[in-house]
Amino acid sequence: MTGKTNQKMPLRISVLIRYLHQHQGVKICKLVKSFAKYSKSNVYRHAKLPIHSTKEDCRSQNKGRPLLLNERDRRNILRCIEKLRKTEASFSVKRLKLEACINPNISDLTVRRLLNREGYRYRQTRKKGLMTETDLKKRVAFARIMKSSYPNTFWTEDVSFYIDGTSFVFKSNPCDQARCSKSKAWRKRSEGLSPLCTAKGKKEGSGGKVAHFIVAIAYKKGVVLCEQYEETFTGSYFASFIKRHFPDTFLISANPNTKLFVQDGDPRQNSAPARKAMTDIGAHCFSIPPRSPDINPIENFFHLIQKQLNRDAIQNKITRQSFRQFSDRIKETIMTYPKETIDKTIESMDRRMSLIIKSKGKRLKY
């Protein structure tokens, strides 16, 4: 026989191998050829067993060492996952152990293995939209037009300001959240990622209540607009927002005369009511290609603000705060952010156009 088997060797075959080796002096290499159905290591092990031993292979009956986590611990851990989801955007295994009152001597690896057995994985909660070949071509064409038809100072001197809406998930314990791995959460495959995705018009996120802001930045001026809102973000709401805030924002912007601003392709920000409001005040929206957050410097600004909020939470050891305190801390961080850093971000726009052409439209590191 040439095909080997993983089945347990019968006792009669085991005794025969022992007898041939120990009493007849047959070498193991010959026994391996004669009993080719079994592996070499299996034949060798049985050949060395005592001849009168009748003990069979009981390895399959060995259940291994007892579990460190009992059934009660398992229930507490799974229950606390649902509990923490309602109060925190993401949480580490250490935080889960603390909430479930698990023995601190039990390692994090033991808890992670339990979560994996229950179907949980530490999954990515955010995904950038995939770009098609058409999107790549649009980005390259846009970059080439910017390099050939616009001056290098367009992004710094011609654009009045950059505007967009952003959301920050309220965290009851900011210090602990700042130490967690970002953009990940314990979820099952069947649960998907839709509950973790938030939008400008929603009031609830993966960690509970959300603070919504509309922010505008300008070259050499820093933050020229920062407004928190609680209404549902619709085209009509943004149209009224334009009429209320854009005239004053243009006056303190980088270039009040052009009334040119940059925003992304959000349907509500580019709806018919919003565009009519722009026309009424003489504003002009400069469009960028779809799925291109790396071409809008305000997206980088929001990322820097989130990092600053996390640093402040750790340095100041903020372990408890209300939603109003959370909102005030966000607004203060936005309004006091250094102008020099904002200017460097906007100044990199011309260099980004060259990198887009060089990478054939692929997303940049920004």
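1. K276 and D280 form a salt bridge in this predicted model, with their closest N and O atoms 3.4 Å apart. Both residues belong to helix α11 (residues 272–281), where they sit four residues apart, so about one helical turn separates them. K276 is exposed at 55% relative accessible area, while D280, at 47%, counts as partly exposed. The cut-off for exposed is over 50%, which is why these two residues fall into separate classes.

2. Helix α13 holds a pair with the spacing of four residues: R324 and D328, again about one helical turn apart. Their side chains meet in a salt bridge at 3.6 Å, N to O. R324 is partly exposed, with a relative accessible area of 42%. D328 is also partly exposed, and its relative accessible area is 42%. Elsewhere, E71, R74 and E118 are joined into one network by salt bridges that share partners.

3. The geometry of helix α13 (residues 323–335) can be checked by its length. Its 13 residues, at 1.5 Å a residue, should span 18 Å, and the C-alpha atoms at its ends are indeed 18 Å apart, so expectation and model agree.

4. Which residues of α13 are buried? They are F323, F326, S327, R329, I330, T333 and I334. Around the helix axis these residues cover an arc of only 160 degrees, so they lie on the same side of α13.

5. A further salt bridge links the side chains of D266 and R268, at 3.1 Å from N to O. Here the acidic partner, D266, is buried, with 11% relative accessible area. R268 has 25% relative accessibility and counts as partly exposed; the limit for buried is under 20%, so R268 falls outside that class. Over the whole structure, the search finds 12 salt bridges. Side chains of opposite charge can pair when their charged atoms come close.

6. The second largest pocket has a volume of about 160 Å³. Its lining consists of R65, P66, L67, L68, L69, T110, R113, L114 and R117. By residue class, the lining divides into five nonpolar, one polar and three charged residues. The charged members are R65, R113 and R117, and the polar one is T110. P66, L67, L68, L69 and L114 make up the nonpolar part.

How values were computed:
Residues numbered from 1 in each chain as written. Predicted model: local features only at pLDDT ≥ 70, side-chain atom pairs only at ≥ 80, totals over all residues. Heavy atoms only, no water. Helix = DSSP H or I, 4+ residues; strand = E, 2+ residues; numbered from the N terminus. Expected span 1.5 Å × (residues − 1). Buried < 20%, exposed > 50% of the residue type's maximum accessible area, 1.4 Å probe, protein only. Arc of directions from axis to C-beta. 1 Å grid on protein atoms, 1.4 Å probe; cavity = no way out; pocket = protein on both sides within 12 Å on 5 of 7 lines; lining within 4 Å. Points joined across faces, edges and corners; volume = space filled by probe spheres on them. Salt bridge = Lys/Arg side-chain N within 4 Å of Asp/Glu carboxyl O.
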